[in-house]
Amino acid sequence: MRETRFVKLSAFVAIADCGSFTKASAQLGITTGSLSHTMRELEESLGVRLLNRTTRSVAPTEAGQRLLTRLRPLFDEFETAVDSVNAFRDRPAGQLRITVPPPAASFVLAPLLAGFMAQYPEIVLEISADPALTDIVANRYDAGIRLGHRIARDMIAVRVTDDLRVVVVASPDYLARHPRPAKPQDLHAHNCLRLRFPSGAFLPWRFAIGGKIVEIEVEGSLIANDAGLLVQAALGGGGVLYVLQEFAAPMIATGQLVPLLEAWIPPPYEGFFLYYPSRRQSLASLRALIDFLRANLKARTGPTERKQRTLSGRQPTKEQMTR
């Protein structure tokens, strides 16, 4: 009886977190029909409706929200208890869910995934690449990766990249057909390939001019929310691109893209951090990923002092520094 109720409550939490029977059924590995039946049985046994269902969404009722508030800490403790047996294994195991923006997925994680999977074959790593800011607590992620200044101050954060630089680039073909810009203001005469954020705002084109950081308003015939697509357009001679150096570096190295306005590029800004709530710090799979990413950063940057901190203005504790 207790085991059956636990399964039903787990199903309820999954539906509430996913906001969808279809997504929750995929996460749990059961059919949507079976999940609906389970929820009906739970609601009937409790004598109260837990979920409001429409054709477009699923959301907890007031009673359902109250139950969720009590259940989530219990499920966190359950996960921690199960994970505690990892201390007796040779290698960590279990599922680890993280959310990352597409740039971090492309040049932070993608080159390292094969090595991480080989080193930790018992860890199931689920990555959601999403440009929007995601509440990792509400959406039940174990951790996330974001730019340092975009992380909530109550999270614990660990640096996983160096500071980031931007570059302005164009293809040799484009520059053969258009005069090379000599100063940032010359971009007004060029077709500029622009990146739009999920918020609707454009990535600002900022330059160091006269000792100040100045934003230059640019125009162009291509707008996209994917930097990789814009890089491909620049490679094809479509225009001038302002982008993170990591996206363009391989093409600059081969001469497929030419760096422009290098004397006006602004100083680097804070890089990517892996962050997580303190209640997730005991997961062996998360500690393994943190150690793996930090080792890679150390290998790339050498024995310089690494920056790890909580984003609350306080120095990290000794326990955080040694994780």
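Tutor: Welcome! The accessible surface of this protein is about 17,300 Å², and carbon and sulfur atoms account for 55% of it. Please keep in mind that the model is predicted.

Student: What share of the residues in the protein is buried?

Tutor: Of the 323 residues, 42% are buried. A residue is called buried when its relative accessible area is under 20%.

Student: Why is T38 called buried?

Tutor: The relative accessible area of T38 is 14%, and the cut-off is under 20%, so T38 counts as buried. T38 is part of helix α3, which covers residues 32-46. Leaving aside residues up to four places away in sequence, T38 touches K8 and A11.

Student: What makes those touches count as contacts?

Tutor: A contact means heavy atoms within 4.5 Å. T38 touches K8 and A11 in that sense. Across the protein, 74% of the contacts between residues at least 6 apart in sequence join residues at least 24 apart.

Student: Which residues of helix α2 are buried?

Tutor: In α2, which spans residues 21-28, the buried ones are F21, A24 and S25.

Student: How do you know which side of α2 they are on?

Tutor: Around the axis they cover an arc of only 100 degrees, and therefore they sit on the same side of α2. An α-helix has 3.6 residues a turn, so residues three or four places apart point the same way. On the face of α2 turned away from the buried side you find T22, K23 and A26, which are exposed.

Student: How many cavities of 30 Å³ or more does a search of the whole structure find?

Tutor: The search finds one. The largest cavity has a volume of about 30 Å³. What makes it a cavity is that a 1.4 Å probe fits inside but cannot get out.

Student: How do the residues of its lining divide into nonpolar, polar and charged?

Tutor: The lining has eight nonpolar residues, no polar and no charged ones. They are L109, L112, L113, F116, L125, L289, F292 and L293. Leu and Phe both count as nonpolar, so each name on that list fits. Helix α10 (284-301) gives the most, with three residues.

Student: And the second largest pocket: what is its volume?

Tutor: Its volume is about 850 Å³. The second largest pocket is lined by 31 residues, and L147, L195, F197, L203 and Y269 lie nearest its centre. Its lining divides into 22 nonpolar, four polar and five charged residues. Among the elements that each supply at least two of them are helix α5 (102-109) and strand β5 (143-147).

How values were computed: Residues numbered from 1 in each chain as written. Predicted model: local features only at pLDDT ≥ 70, side-chain atom pairs only at ≥ 80, totals over all residues. Heavy atoms only, no water. Buried < 20%, exposed > 50% of the residue type's maximum accessible area, 1.4 Å probe, protein only. Areas by Shrake-Rupley, 256 points an atom, 1.4 Å probe, with all protein chains shown as cover. 1 Å grid on protein atoms, 1.4 Å probe; cavity = no way out; pocket = protein on both sides within 12 Å on 5 of 7 lines; lining within 4 Å. Points joined across faces, edges and corners; volume = space filled by probe spheres on them. Helix = DSSP H or I, 4+ residues; strand = E, 2+ residues; numbered from the N terminus. Arc of directions from axis to C-beta.
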